[in-house]
Amino acid sequence: MELKDLYRDVILDHNRQPRNFGKLDPSDARAEGHNPLCGDRLSLTLKLNGDRIEDVRFEGKGCAISTASASLMTEAIKGRDRASAGRLFDAVHTLLTQPDAGAATSPDLGKLAALSGVREFPMRVKCATLCWHTLNAALEHQPAPVSTE
Ligand code: ZN
């Protein structure tokens, strides 16, 4: 099986069966995100313990890339502190935007590496990063919904 096929399967699987889908109530932080370019909408709720993300849920409606990306993100950030989640976002951003990031792929990415195919479709990069911008807003207790535009 080619790596490309494997990555596609990961995306399809996470779109069909999103992990951590739903809402934490009560929650310690929350944020809404919107990608007007594609119509993706996302809402994140977090349970925090000091600087650590204890639990996270997302809900919303979006394309397969935005849903799979949010699902992969929630799995990847659980248990991380803010700085560590920030470093992971940097690695994801590099993966999505640098055409030759393949060789430089951070081992920290784990399953998030499945998003690498998105860089062939620049229009969809915002679908994949929406959840991360929404996470930043939640961690910064930013009350207004975030938009990728
Ligand atoms: Zn989208």
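The structure I am presenting today holds ten salt bridges, where a salt bridge is a side-chain nitrogen of Lys or Arg within 4 Å of a carboxyl oxygen of Asp or Glu. Before going through some of them, I should say that this is a predicted model, in which local features need pLDDT of at least 70 and side-chain atom pairs count only at pLDDT 80 or more, while totals for chains, interfaces and linings use all residues. Residues are numbered from 1 along each chain as its sequence is written, and side-chain values use heavy atoms, with hydrogens and water left out.

Let me begin with a local pair. Asp-5 forms a salt bridge with Arg-8, with 3.7 Å between the closest N and O atoms, and because these residues are three apart in helix α1 (residues 3–16), about one helical turn separates them. Helices here are DSSP runs (H or I, at least four residues) and strands likewise (E, at least two), numbered from the N terminus. Asp-5 is partly exposed at 28% relative accessible area, as is Arg-8 at 48%; buried means under 20%, exposed over 50% and partly exposed in between, with a 1.4 Å probe and protein chains only.

Other bridges reach further along the sequence. Lys-111 pairs with Glu-75, the closest N and O atoms being 3.2 Å apart; since Lys-111 lies in the loop between α3 (82–97) and α4 and Glu-75 in helix α2, this pair ties together parts 36 residues apart in sequence. Both of these residues also belong to a network of salt bridges that links Asp-13, Arg-19, Glu-75 and Lys-111. The side chains of Glu-149 and Lys-126 meet at 2.9 Å, N to O, and because Glu-149 sits in the segment after β4 (146–147) and Lys-126 in helix α4, the parts they tie together are 23 residues apart. Glu-149 is exposed at 54%, whereas Lys-126 is partly exposed at 31%.

Next, the metal site. Which residues coordinate the zinc ion? They are Cys-38 (SG), Asp-40 (OD, listed twice), Cys-63 (SG) and Cys-127 (SG), at 2.2 to 2.6 Å, where donors are N, O and S atoms within 2.8 Å of the metal (3.2 Å for Na, K and Ca), and sites may look incomplete because water is not among the atoms. Cys-63, in the loop between β3 (52–61) and α2 (64–77), and Cys-127, in helix α4 (residues 125–139), are 64 residues apart, so that this pair links distant parts of the chain. Cys-63 counts as buried at 16% relative accessibility, and Cys-127 does at 0%.

I turn now to the interior. The largest nonpolar core has 41 residues, and those touching the most other members are Leu-46, Ile-53, Ile-77, Leu-112, Leu-115, Trp-132 and Leu-135; such a core is a set of buried Ala, Val, Leu, Ile, Met, Phe, Trp, Tyr and Cys residues joined through side-chain atoms within 4.5 Å. The largest share of this core, ten residues, comes from α4. Trp-132 has contacts (heavy atoms within 4.5 Å) that include Met-73, Ile-77, Phe-89 and Leu-112, leaving aside residues up to four places away in sequence.

Finally, consider α3, whose buried residues include Ala-85, Leu-88, Phe-89 and Val-92. Seen down the helix axis, the buried residues fall within an arc of 165°, so they line one face of α3, the arc being that of the directions from the axis to the C-beta atoms. Arg-87 and Asp-90 are exposed on the other side, and what covers the buried residues of α3 includes β3, α2 and α4.
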